[in-house]
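I set out to record what can be looked up in a single structure, one entry at a time. My plan was to begin with the whole chain, go on to the packing of its helices, and end with single residues.

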Amino acid sequence: MESLFTEKVKKSILKRLELLNEHTDAKWGKMNVSQMLSHCKFPLQVALQKLPLDRPNAFKRFIFSFFKASLYNDKPWKQGLPTAPPFIVTDEKEFKKELDELVSTIKEFHDQRDTTEWPEHPMFGKFTSEQWGKMQYKHLDHHLRQFGV
């Protein structure tokens with residue numbers, strides 16, 4: 001699995017983002033391209049401690065533990081997976097603003113590639129640096145494929 005912490009992968013993701021425009025249609029899902037760009041910032045912001053999430057109860061954390069490895073393993077995510085409620089975007093967004101903010105957030109995350117101690121994820125617990133990098137790549141790749149780039 002690729003990692004957003006490698007320079008090659010970061011550049012590849014940024015180039016794929018350049019292929020989008022405000023009229024790019026999704027191949028699946030409910031979000032338009034601007035909403036998708038906004039949505040893609042959220043997991044990065046969680047890692048950067050810029051988006052606090054409520055910690056679910058012990059039962060939900062136990063259930064989430066069964067899905068943790070799927071966040072960073074080599075198997076692509078399926079279409080139509082459920083989205084965590086705090087990450088759902090339904091309001092209209094401005095394409096250029098969302099694109100610029102996502103690019104900036106990707107670069108900020110990538111700049112943390114030498115970080116060894118990451119905050120615990122509120123839902124899934126502890127991730128290594130390698131797992132954070134793979135998970136962020138996998139999420140971005142999933143949504144860029146959703147929009148055909």
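**Entry 1: The chain as a whole**

I began with the radius of gyration: a compact globule of 149 residues would have a value near 15 Å, and the protein chain has 15 Å, so the two agree. I note here that the model is a predicted one.

Next I looked up the box that the C-alpha atoms fill, which is roughly 40 × 30 × 30 Å along the principal axes. I then asked what share of the 149 residues counts as buried. The figure is 48%.

I also looked up how far apart in sequence the contacting residues are. Among contacts between residues at least 6 apart in sequence, I found that 84% join residues at least 24 apart.

For the secondary structure, I counted five helices and zero strands. Reading along the sequence, I wrote down the pattern α-α-α-α-α.

**Entry 2: Helices α2 and α4**

I turned to the packing of helices, for which I needed two quantities. Two packed helices are described by the angle between their axes and by the distance between those axes.

I took up helix α2, residues 33-47, and helix α4, residues 95-110. Their axes come within 9 Å and cross at roughly 25 degrees. Angles under 35 degrees count as roughly parallel, and α2 and α4 are therefore roughly parallel to each other. I recorded the crossing of α2 past α4 as left-handed.

Which residues make this contact? From α2 I listed V33, S34, L37, S38, C40, K41, L44, Q45 and A47. From α4 I listed F95, E98, L99, E101, L102, T105, I106 and F109. Sorted by class, the contact of α2 with α4 has 10 nonpolar, four polar and three charged residues.

**Entry 3: Helices α4 and α5**

I stayed with α4 and looked up its packing against α5. The angle between α4 and α5 is about 160 degrees, and their axes are 12 Å apart. Angles over 145 degrees count as roughly antiparallel, which makes α4 roughly antiparallel to α5. The crossing of α4 and α5 is left-handed.

On the α4 side I noted L102, I106 and F109, which meet W132, G133, Q136 and L140 in α5. How many residues of each class does the contact of α4 with α5 have? I wrote down five nonpolar, two polar and no charged residues.

I compared my lists and found that L102, I106 and F109 of α4 also appear in the contact with α2.

**Entry 4: Helices α1 and α5**

I then looked up helix α1, residues 7-18, against α5. Their axes come within 11 Å and cross at roughly 25 degrees. α1 and α5 are therefore roughly parallel to each other. I recorded that α1 passes α5 in a left-handed crossing.

The contact is made by V9, I13, R16 and L17 of α1 and by Y137, L140, D141, L144 and R145 of α5. By class, I noted six nonpolar, no polar and three charged residues in the contact of α1 with α5. L140 of α5 is a residue I had already entered for the contact with α4.

**Entry 5: A residue inside helix α5**

I chose H142, which lies in helix α5. Is H142 buried or exposed? The cut-off for buried is under 20% relative accessible area. At 6% relative accessibility, H142 therefore counts as buried. Leaving aside its neighbours within four places in sequence, I found H142 in contact with W28, W77, K78 and Q79.

**Entry 6: Residues in loops**

I looked first at the loop between α2 and α3, residues 58-65 being α3, and found Q49 there. Phi of Q49 is near 60 degrees, which I marked as a positive value in a residue other than glycine. Q49 is exposed, with a relative accessible area of 60%.

I then moved to the loop between α4 and α5, where D111 is found. At 53% relative accessibility, D111 counts as exposed, because the cut-off for exposed is over 50%. D111 and F42 are 69 residues apart in sequence, and their C-alpha atoms are 17 Å apart in space.

D114 lies in the loop between α4 and α5 as well. I recorded D114 as exposed, with a relative accessible area of 68%. From D114 to F147 I noted 33 residues in sequence and 31 Å in space, C-alpha to C-alpha.

Conventions: Residues are numbered from 1 along each chain as its sequence is written. This is a predicted model: local features need pLDDT of at least 70, side-chain atom pairs count only at pLDDT 80 or more; totals for chains, interfaces and linings use all residues. Side-chain values use heavy atoms; hydrogens and water are left out. Axes are lines fitted to C-alpha atoms, for helices over the stretch in contact, and angles run from 0 to 180 degrees between N-to-C directions. Helices (H or I, at least four residues) and strands (E, at least two) are DSSP runs, numbered from the N terminus. Angles under 35 degrees count as roughly parallel, over 145 as roughly antiparallel, 65 to 115 as roughly perpendicular and the rest as oblique. A crossing is left-handed if the near helix is turned anticlockwise from the far one by less than a right angle, and right-handed if clockwise. Contact means heavy atoms within 4.5 Å. Ala, Val, Leu, Ile, Met, Phe, Trp, Tyr, Cys and Pro count as nonpolar, Asp, Glu, Lys and Arg as charged, and the others, Gly among them, as polar. Buried means under 20% relative accessible area, exposed over 50%, partly exposed in between (1.4 Å probe, protein chains only). The radius of gyration is taken over C-alpha atoms; the globule rule is 2.2 Å times the number of residues to the power 0.38.
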